[in-house]
Structures are given as C-alpha cells and as structure tokens.
Amino acid sequence: MSKLDNTFGQQTVSQNERSNKIRRVFQLVAPRYDLMNDFMSFGTHRIWKHFFVNFIPFSSNDIIVDLAGGTGDIARKLVKKGAHVIVVDPSIEMMQAGEKTNLRQVINVAGIGERLPFADSSIDKLTISFGIRNMTSMSDALKEIHRVLKPGGQYYCLEFSQPMMPIRPFYNLYNQYVIPRLGALVAGQPEAYQYLIESIKRFPHQEEMKSLIEEAGFSEVTYRNLFFGIACIHIGTNKS
Ligand SMILES: C[S@@+](CC[C@H](N)C(=O)[O-])C[C@H]1O[C@@H](n2cnc3c(N)ncnc32)[C@H](O)[C@@H]1O
C-alpha cells in the first residue's frame with residue numbers, strides 16, 4: 001500500500017471515503033480545470049504533455065487507453081498523431097468539460113483505474129497523466145494496468161515528483177502558499193486545490209514509484225525527469 005492510499009489531504013480516511021472525496025474534488029474543479037492548469041504551471045504543463053506524447057512510440061493499429069484522462073488533453077494530442085485512444089475516467093464532469101474541444105475520434109468511458117473495463121491482455125499502451133496519485137489504491141491500479149496490457153505492452157505515466165535540491169524549497173513554498181490562493185481566485189475552490197497539493201507532497205518520489213511499478217509486475221522500469229524532477233515520466237513494460 002502506498003502512503004497515499006488512506007489519506008485525503010492531511011486526514012486519514014477509509015478508501016471509500018477517499019474515493020468519494022476525490023470524485024467531489026474533480027466535480028468541483030472540472031469547469032475551470034484546464035484554465036487553472038495554465039495558471040498554476042505558467043503553461044509548462046503544456047510543454048510536459050507535449051514532450052510526454054512525443055515520447056510514446058506507437059503504430060497505427062495500437063489501442064491506447066488514457067487513464068484518468070479527464071478533459072482529454074493527452075487523448076487529443078495522441079489522436080492528432082494518428083492514435084486510437086479511449087479515455088477512462090470516473091468523472092463525467094471532467095470528460096464533459098473537455099467535450100467542446102475533443103476530436104470525434106476520442107472515446108470517453110466512465111471507469112476507474114482499480115477496475116478497468118477491459119479484458120486481460122487487450123491494450124497496447126496505457127498512458128496516465130497527473131492521475132495515478134488520485135487512485136484509491138495505487139498498487140491495485142498498477143496491477144490492473146498490468147493485467148489489461150498485452151505482452152510487450154507499455155505503461156507511460158507523467159506525474160509530479162520530487163524536484164532536485166536547489167529548487168525544492170522554492171517549489172514547496174509555491175505549492176503551499178500560492179496554489180491554494182490561485183485555486184480560490186481562479187476556480188473558487190481553495191479546498192480542492194489544497195487536496196491536490198497535499199497529494200503531490202505525499203506522492204512517492206522517483207525511486208519509490210519505480211519500485212511500486214516493479215512490484216505490480218512490470219519489467220524494464222525506467223524514468224525520465226522533467227524540469228529538474230518537478231515532473232517525471234515513468235515507463236514500464238509487461239513482459240509476461
Ligand atoms: C489531475 S486530473 C488529470 C487529468 C488529465 N489526465 C491531465 O493530465 O490534465 C486527475 C483525473 O483523475 C481522475 N480520477 C480520480 N480518481 C480516479 C480513479 N480511481 N481512476 C481513474 N481516474 C481517476 C479524475 O476524475 C481526474 O479527471
């Protein structure tokens with residue numbers, strides 16, 4: 001179990017409670033989610049996502065699942081490159097918020113990472129961007145992702161991580177003081193953004209995350225830091 005699985009912000013909660021509270025957060029932030037991302041990251045999330053999508057090799061027949069796909073940012077970019085993409089997310093509100101800009105080829109499916117609505121060994125690639133820390137149980141979700149990937153199939157995860165030392169204190173201060181205020185100002189939801197910051201703070205760092213992915217059965221697990229480790233891409237292959 002990861003150190004996030006039974007927490008919501010600073011509270012200890014049951015997994016059921018955690019999952020309900022997380023749903024509520026995304027229901028609240030959905031209408032302003034994309035705008036807030038631009039404010040909070042000074043637009044850098046776009047660069048990370050662009051890099052992430054270009055990092056993923058795929059062939060035109062591949063089926064890619066974008067888990068926790070939310071408003072469809074990653075899916076749209078992948079579709080523009082010729083991929084077939086299915087977004088899986090429990091938040092109808094997040095998926096609806098993205099529908100205005102979504103391309104016809106993006107298929108939205110309501111579902112959760114801990115119980116994916118796919119047969120064993122049926123998916124070529126699974127991407128997840130800023131979503132894995134919201135799973136009720138990260139290890140269950142990783143095992144489930146492993147189950148649905150075909151042998152040779154790959155998992156690509158973009159997530160916040162542990163920044164390197166010279167910038168870490170500034171980054172922590174920014175997260176602690178600026179983000180909740182921006183959340184209040186732009187999205188009118190300071191508590192929701194407080195949760196997002198707590199979940200980033202408690203998230204396993206690069207090496208811990210690598211171990212969790214390996215424990216779920218993945219091989220050849222590697223990672224690549226972005227922006228001095230503020231964000232990180234983890235990659236794992238299903239070799240079974
Ligand atoms: C921070 S948003 C990321 C959205 C998008 N992938 C991006 O990069 O902008 C996290 C998403 O995770 C979804 N989520 C929360 N719990 C989930 C779960 N158990 N399984 C799958 N997705 C979940 C939320 O509904 C939300 O859309």
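What follows is a short exchange about the ligand shell and the salt bridges of this predicted model.

Guide: This is a predicted model, where local features need pLDDT of at least 70, side-chain atom pairs count only at pLDDT 80 or more, and totals for chains, interfaces and linings use all residues. Residues are numbered from 1 along each chain as its sequence is written, and side-chain values use heavy atoms, with hydrogens and water left out.

Visitor: Which residues come nearest to the ligand?

Guide: Tyr 33, Lys 49, Ala 68, Asp 89 and Ser 129, out of 20 residues around the ligand. A residue counts as near if one of its heavy atoms lies within 4 Å of the molecule.

Visitor: What makes the pairing of Asp 89 with the ligand a polar contact?

Guide: A polar contact is a pair of N or O atoms within 3.5 Å; within protein, one must be able to donate a hydrogen and the other to accept it, and residues adjacent in sequence count only if both atoms are side-chain atoms. An N or O atom in the Asp 89 side chain is 2.6 Å from a ligand oxygen, so the pair qualifies. Lys 49 has such a side-chain atom 2.9 Å from an oxygen atom of the ligand.

Visitor: How much of the ligand does the protein cover?

Guide: The protein covers 97% of the 590 Å² of accessible area that the ligand has on its own. Areas come from the Shrake-Rupley method with a 1.4 Å probe; for residues, only the protein chains shown count as cover.

Visitor: Why is the pair Asp 62 and Lys 125 called a salt bridge?

Guide: The term requires a side-chain nitrogen of Lys or Arg within 4 Å of a carboxyl oxygen of Asp or Glu. Here the N to O distance is 3.3 Å, so the pair meets the definition. The structure holds ten salt bridges.

Visitor: What does the pair Asp 62 and Lys 125 tie together?

Guide: Asp 62 lies in the loop between helix H3 and strand S3, and Lys 125 in strand S6, so the pair ties together parts that are 63 residues apart in sequence. Helices (H or I, at least four residues) and strands (E, at least two) are DSSP runs, numbered from the N terminus.

Visitor: How do you know whether Glu 144 and Arg 147 are buried or exposed?

Guide: Buried means under 20% relative accessible area, exposed over 50%, partly exposed in between (1.4 Å probe, protein chains only). Glu 144 has 11%, so Glu 144 is buried. Arg 147 has 27%, so Arg 147 counts as partly exposed. Their side chains meet in a salt bridge at 2.8 Å, N to O. Both lie in helix H6, three residues apart, about one turn of the helix.
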